[in-house]
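Dear colleague,

Please find the structure below, handed over for your consideration. My notes on what was found in it follow directly after.

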Amino acid sequence: MIVFLVRHAHAVEETHTRDDSARHLTAVGRRAARDLGRRLRWYDCTPAVIWTSPLTRAVMTAELLAQSMPWEGVIESVPALAPGGSTRELMAAMRELDPTGAVLMVGHEPGLSGLGGMLNLADDFPALRKAEAARIDDRELRWLFAYDADAPTAA
């Protein structure tokens with residue numbers, strides 16, 4: 001299975017009137033998510049499934065990525081991708097997917113790098129920057145791709 005892990009794009013800060021789950025993307029974050037989606041399209045990111053954390057900034061990132069690919073399927077909200085979510089639940093859910101397909105997951109750090117480490121059996125999986133993607137193919141980290149990069153960086 002091919003797995004694309006994507007950290008959400010740049011979001012507004014948490015305030016006393018806006019809790020963490022309601023943080024929306026900034027204008028820079030919206031542009032970064034669209035740019036990353038176009039770059040992923042150029043590099044054969046054709047997921048069968050898109051999963052996202054239910055937090056606003058991740059949902060917005062997933063929707064903008066999907067529009068830029070373009071994606072016509074359903075984007076599924078997966079609570080295990082939220083901060084503090086269960087990596088084991090994600091691994092179990094992935095076992096239900098077609099092993100010949102690809103899944104794109106949008107979430108948060110440090111959960112994404114923890115999941116990446118479990119998927120490729122490495123303790124040193126890199127933390128993803130905002131609006132950055134990692135491609136894991138057959139348990140091997142193939143590349144990292146930032147929204148502002150001209151090409152993926154080999155892992």
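A salt bridge is taken here as a side-chain nitrogen of Lys or Arg within 4 Å of a carboxyl oxygen of Asp or Glu. Please bear in mind throughout that this is a predicted model.

By that criterion the structure holds six salt bridges. One of them pairs Asp20 with Arg57, with the closest N and O atoms 3.2 Å apart. Asp20 sits in the loop between β1 and α1 whereas Arg57 belongs to helix α2, so this pair ties together parts that are 37 residues apart in sequence. Asp20 also forms a salt bridge with Arg23, where the closest N and O atoms are 3.0 Å apart. Through shared partners, the salt bridges join Asp20, Arg23 and Arg57 into one network.

The members of this network can be described by their accessibility. Asp20 has a relative accessible area of 24% and is therefore partly exposed, the limit for a buried residue being under 20%. Arg23, at 11% relative accessibility, counts as buried, and Arg57, at 4%, counts as buried too.

Arg23 merits a closer description. This residue is found in the loop between β1 and α1. Its side chain reaches the backbone oxygen of Val12 at 2.5 Å, and a polar contact of 3.0 Å joins the side chains of Arg23 and Asp20. When residues up to four places away in sequence are not counted, Arg23 touches Ala11, Val12, Glu13, Glu14, Arg18, Thr56 and Arg57.

A further salt bridge links Arg135 and Asp137, with 3.3 Å between the closest N and O atoms. Both of these residues are buried. Asp137 lies in strand β5, which covers residues 132-137, and has a relative accessibility of 15%, so it counts as buried. Not counting residues up to four places away in sequence, Asp137 touches Met1, Ile2 and Arg142.

I turn next to helix α2, which comprises residues 56-68. What end-to-end distance should be expected for this helix? At 1.5 Å a residue, its 13 residues should span 18 Å, and the end C-alpha atoms are indeed 18 Å apart, so the two values agree. The buried residues of α2 are Arg57, Ala58, Met60, Thr61, Ala62, Leu64, Leu65, Ala66 and Ser68. What covers them includes β1 (2-7), α1 (27-42), β2 (49-52), β3 (75-77) and β4 (102-107).

Within this helix, Ala66 has a relative accessible area of 4% and is therefore buried. Leaving aside neighbours within four places in sequence, Ala66 is in contact with Ile50, Trp71 and Ile75. The C-alpha atoms of Ala66 and Pro47, which are 19 residues apart along the chain, are separated by 9.8 Å.

The nonpolar interior may be considered against a general background. In soluble globular proteins, nonpolar side chains tend to be buried together. In this model, the largest nonpolar core has 22 residues, of which Val3, Leu5, Trp51, Leu90 and Met105 touch the most other members. The elements giving two or more residues to this core are β1, β2, α3 (87-95), β4, α4 (111-120), β5 and β6 (140-146). Apart from it lies another core, of 20 residues, among them Phe4, Ala62, Leu104 and Ala146.

Which residues surround Leu90, once neighbours within four places in sequence are left aside? The contacts of Leu90 are Trp51, Val78, Ala80, Leu81, Met105 and Leu115.

Finally, a few remarks concern Thr153. This residue is placed in strand β7, residues 153-154. Its relative accessible area is 48%, so Thr153 is partly exposed, given that exposed means over 50%. Not counting residues up to four places away in sequence, Thr153 touches Arg142, Trp143 and Leu144. The C-alpha atoms of Thr153 and His24 are separated by 28 Å, with their positions 129 residues apart along the chain.

With kind regards

Conventions
Residues numbered from 1 in each chain as written. Predicted model: local features only at pLDDT ≥ 70, side-chain atom pairs only at ≥ 80, totals over all residues. Heavy atoms only, no water. Helix = DSSP H or I, 4+ residues; strand = E, 2+ residues; numbered from the N terminus. Buried < 20%, exposed > 50% of the residue type's maximum accessible area, 1.4 Å probe, protein only. Contact = heavy atoms within 4.5 Å. Expected span 1.5 Å × (residues − 1). Core = buried A, V, L, I, M, F, W, Y, C linked by side-chain atoms within 4.5 Å. Polar contact = N/O pair within 3.5 Å; in protein donor to acceptor, adjacent residues only side chain to side chain.
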